[in-house]
Every structure is written in C-alpha cells, then in structure tokens.
Amino acid sequence: MALERMRIVGGAPLRGEIEIGGAKNAALPLMALTLLTPQSCRIQNIPDLQDVSTMVEILSALGVKVARKERAIEIQAETFNKTEAPYDFVRRMRASVLLLGPLLGRFGYARVSLPGGCAIGVRPIDQHLKAFEALGAEIQLSDGYVEAKAARLQGANFRFELNTVTGTANAIMAASCAEGVSRFENCACEPEVSLVAETLVAMGAKIRGIGTSTLEIEGSRELGGFDVPLIPDRIETGTYLVAGAITNGELFLRGANASHLQAVIEKLRETGCTITEDPAGIRILGRRPIRPVQLETAPFPSFPTDMQAQLLALLCLADGESHIQETIFENRFMHVSELMRMGADLSIKGSVATVKGVSRMEGANVMATDLRASACLVLAGLAARGVTEVLRIYHLDRGYERMESKLSAVGADITRVQEST
Ligand code: EPU
C-alpha cells in the first residue's frame, strides 16, 4: 500500500456546501445483515470507503454475491462456501465481528477471529458473546477465534452490562432468527442500531422498542430481502460542522440529519457558532471568539466519543479553558500530543483533557493512529498558520469519503500527496 499524506495550508475560511454521505457505521452492520436471508438485499447511498470495501471482500470470501451499482450495493447471500471470518480480515476491520450474529442465527455455526485491541482501547466483545449464550449458543474461544454453535437459537431475556453499539446490533440480528421472543435491556440507542432494527422489521422480524434501550424481538425462520437507504453519516456531519467553526467560515451540509447529532450541535452553539437546522441539511456560521466548553462523551443521545477529537481541535483555539472527559474508550487522546506539536496547550489527567485555548496553532507534520484522531488533525491544519502534513491518512480513508475533494470544493487548500515525494 502506497503511504499517502494530506498536505494542508491553513487559514482559509471555508464557504459553500458539502454533501453528506451514507453512514459508515450503518453500512457495515447492514452489509452483515444481508447474511440472514438468501434473498437479494440492496443498500442505497453506500459510501465509497475502505471499511466498506473490506466488508465487500469479506462477504465475497464467504461466497456471497456482491455487486456495486453506482451509489447502491446489492448483496445476495444465497450460496456460501464457508461461515468463517479469518484473522486477516478481522485485524483490518474490527467490525468484522458483526458477522457472528447473522451467521450464527442463520446457520447455527460461526467462526470469527477475535478482534483484539486497537489504538483507542482494549475493546472486548464479552457482551456480544454473553448475549449469544443467553440465546442458547455454545461459545468456545481457541487459537484466537470465537466459535459459536447452536442447533437453533432460542428467544431469551438478556441485560447488557454496558452500552455496546455493535454488541446490540449483533444480538438483535441473531435474535431475529431465534425461536420465540427475546428481550434485551440496556441496549445502545444509536441511530445506526435503530436502522438495523428497522431493516430487520422490513425483512420480516417483529421488533418493539426501536430507538429505546429495551428491544423485544420475535424471531422468524424466514427473513426476506430489503432495499433501504442509509442514514446520513452523523460523524462526517459533525466533522464538517467543526471545519466550518474552526475556520470561522460558513458551510451548508446537505443531507445532514440534525436530530442525529443534537448533543454536538448544542456544544458547538455553546462555543458561539450559529447553527440552523432545516429539512435539507444543517448550516453553520463560525464566530469569534470561540468560547470554551465542558463536555463528557457518553452513549447516544449524549455527546459521541467519535466527535471528541474534532471538538477538542476546535477548543484548542478557544478563549479560555475547556475540559473534555472521555468515558467510552480508555485510550482516545492520541491526538493530544500531536496537537501540542502544533502549539496547542493541552494536558491529560486520567480520562480528562484540559485544553487551554491559544490564539493560534502552527502547521507541523503530524501523525494519527486512528480515524477520528486523523480527522482532528486535518481540522487543526485547516486553522493553523502555514503547512500541516497529516501522515498515514489510510485511517481517514476508512471513514471519510473523498475528504480532500469535499474540503477543497469549499475553499480549503488541501492535497493528497505520496509519502515518498
Ligand atoms: N465493550 C465491552 N464489551 C463488549 C463491547 C464493548 O467492554 O462486549 C466496551 C468497549 O471496550 C468500549 C465501550 O464498551 O469501551 C463501547 O464500545 P461499543 O461496543 O459501543 O463500540 P463498537 O460497537 O465496537 C462502535 C463504532 C465506533 C464507536 C463506538 C462507540 C462501529 C463499526 N463502530 O464501536 O466507531 O466509537 O461504537 O460509539 O459502529 C469510528 O467510527 O471511528 C468508531 C470507532
């Protein structure tokens, strides 16, 4: 893989319109969901992202038919040559663990490599496995793999010990083909989970409580196909809202759904931005000075961990001191030391980052270790004086479609360059 970096000359206020794409974190579970039926499934508005391509590769390796048609993807899991996801895929994308629920539900057998930790935290999957066990599956861990078996899953009651997004998606996918009714409590309520539940309903499952933390699922042996559009990516939206704010510009984010990111909008308003919500999208008008804020990440509908790094970039330029507490992942401040190299005044104590606003940041060469931290560094680069180069942008390509062309269309000086040049 040729290493590429993003070269940004900061300082230009961004003005214009950005089209928001389909949500990555909805695309991945919906692609896994197609494994529950032999019928054809279609997902519209699919973003062109590395994680989506990895999921295509995984499904194709299972023997499933996958065809991309412009902005849609058609998947038909009629024939299979295996029900197993090897380490080589799972190490590239943790979300491969989403195959467990559908494969176990439909075939009574799944073998998926254990994902292991990643840059932002240890990220165990114990809750996924406990939910499967509650449904009657026998789980074995050996040679770095999870092997799940069940003659036929049985509906059951299960309470998640903590909020897990993919854990909830996995459990409801499995329960949708179990015999009888399942009741899951303390479920994640993220909009992506609701889309999974609504799609399962379109396939023939009966689900009550969608959008709440208690989901009741009546399984069905024969789930049918579906044809659904993805919801807009709320984290892409939030990232470009910050781009408008940090450059003191004015952006309209076409297709964005404000109801999916109220906590982010609220915090940005607290920093002083003017944000208008309308049915076609969201408009942001940056303001100076940027006011400091206090924030804590928490599951939906609270402030998302996936927006913590981007907001932190903005607060580096605030007029005063902000505190950010990260409560979801234990190691999600990797961007802090890179921002300090750009002149930000930051310190971390446990799970809290203290951000003392500075009047400006300076361009530097920086490197991130995960997707959202990389986005944060691009945002900082857009506002910094001089040239910033963000290295290892393959992280960005996992979750942001054509970021440099979307940003340059609204006035950013940003180019993708080969690392060797
Ligand atoms: N956790 C456990 N046990 C489990 C499951 C989770 O201890 O069985 C812990 C995790 O270690 C973490 C917390 O619970 O501390 C929440 O993890 P969750 O399971 O909700 O995260 P996830 O489902 O693996 C999804 C998104 C992430 C996003 C988180 C939190 C997808 C594909 N990924 O991950 O997205 O940060 O929810 O909202 O939906 C990203 O897009 O950059 C990204 C990392």
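## Ligand shell and helix H8

A backbone N or O atom of Gln127 lies 2.7 Å from an oxygen atom of the ligand. The model is a predicted one. Two side chains also make polar contacts with the ligand, and the table lists these together with the Gln127 contact.

| Residue | Protein atom | Ligand atom | Distance |
|---|---|---|---|
| Asp126 | polar side-chain atom | nitrogen | 2.7 Å |
| Gln127 | backbone N or O | oxygen | 2.7 Å |
| Arg332 | polar side-chain atom | oxygen | 3.5 Å |

On its own the ligand has 830 Å² of accessible area, and the protein covers 87% of that. Helices H1 (24-33), H5 (126-134), H6 (165-175) and H12 (371-383) are the elements that each give two or more residues to the shell around the ligand. H5 supplies the largest share, 3 residues.

In total, 21 residues surround the ligand, and the closest are Gln127, Thr164, Thr166, Asp306 and Ile328. By type, the shell residues divide into 8 nonpolar, 7 polar and 6 charged.

Helix H8 is a separate topic. This helix runs over residues 234-246, and 13 of its 13 residues are buried, so H8 is largely enclosed by the rest of the structure. At 1.5 Å a residue, its 13 residues should span 18 Å, and the end C-alpha atoms are indeed 18 Å apart, so the expected span and the model agree.

At the start of H8, a side-chain oxygen of Asp233 comes within 2.9 Å of the backbone nitrogen of Ile235. After the helix comes Asn248, which has a positive phi, near 60°.

Conventions. Residues are numbered from 1 along each chain as its sequence is written. This is a predicted model: local features need pLDDT of at least 70, side-chain atom pairs count only at pLDDT 80 or more; totals for chains, interfaces and linings use all residues. Side-chain values use heavy atoms; hydrogens and water are left out. A residue is near a molecule or strand if one of its heavy atoms lies within 4 Å of it. A polar contact is a pair of N or O atoms within 3.5 Å; within protein, one must be able to donate a hydrogen and the other to accept it, and residues adjacent in sequence count only if both atoms are side-chain atoms. Accessible areas come from the Shrake-Rupley method with a 1.4 Å probe; for residues, only the protein chains shown count as cover. Helices (H or I, at least four residues) and strands (E, at least two) are DSSP runs, numbered from the N terminus. Ala, Val, Leu, Ile, Met, Phe, Trp, Tyr, Cys and Pro count as nonpolar, Asp, Glu, Lys and Arg as charged, and the others, Gly among them, as polar. The expected span of a helix is 1.5 Å times one less than its number of residues. Buried means under 20% relative accessible area, exposed over 50%, partly exposed in between (1.4 Å probe, protein chains only).
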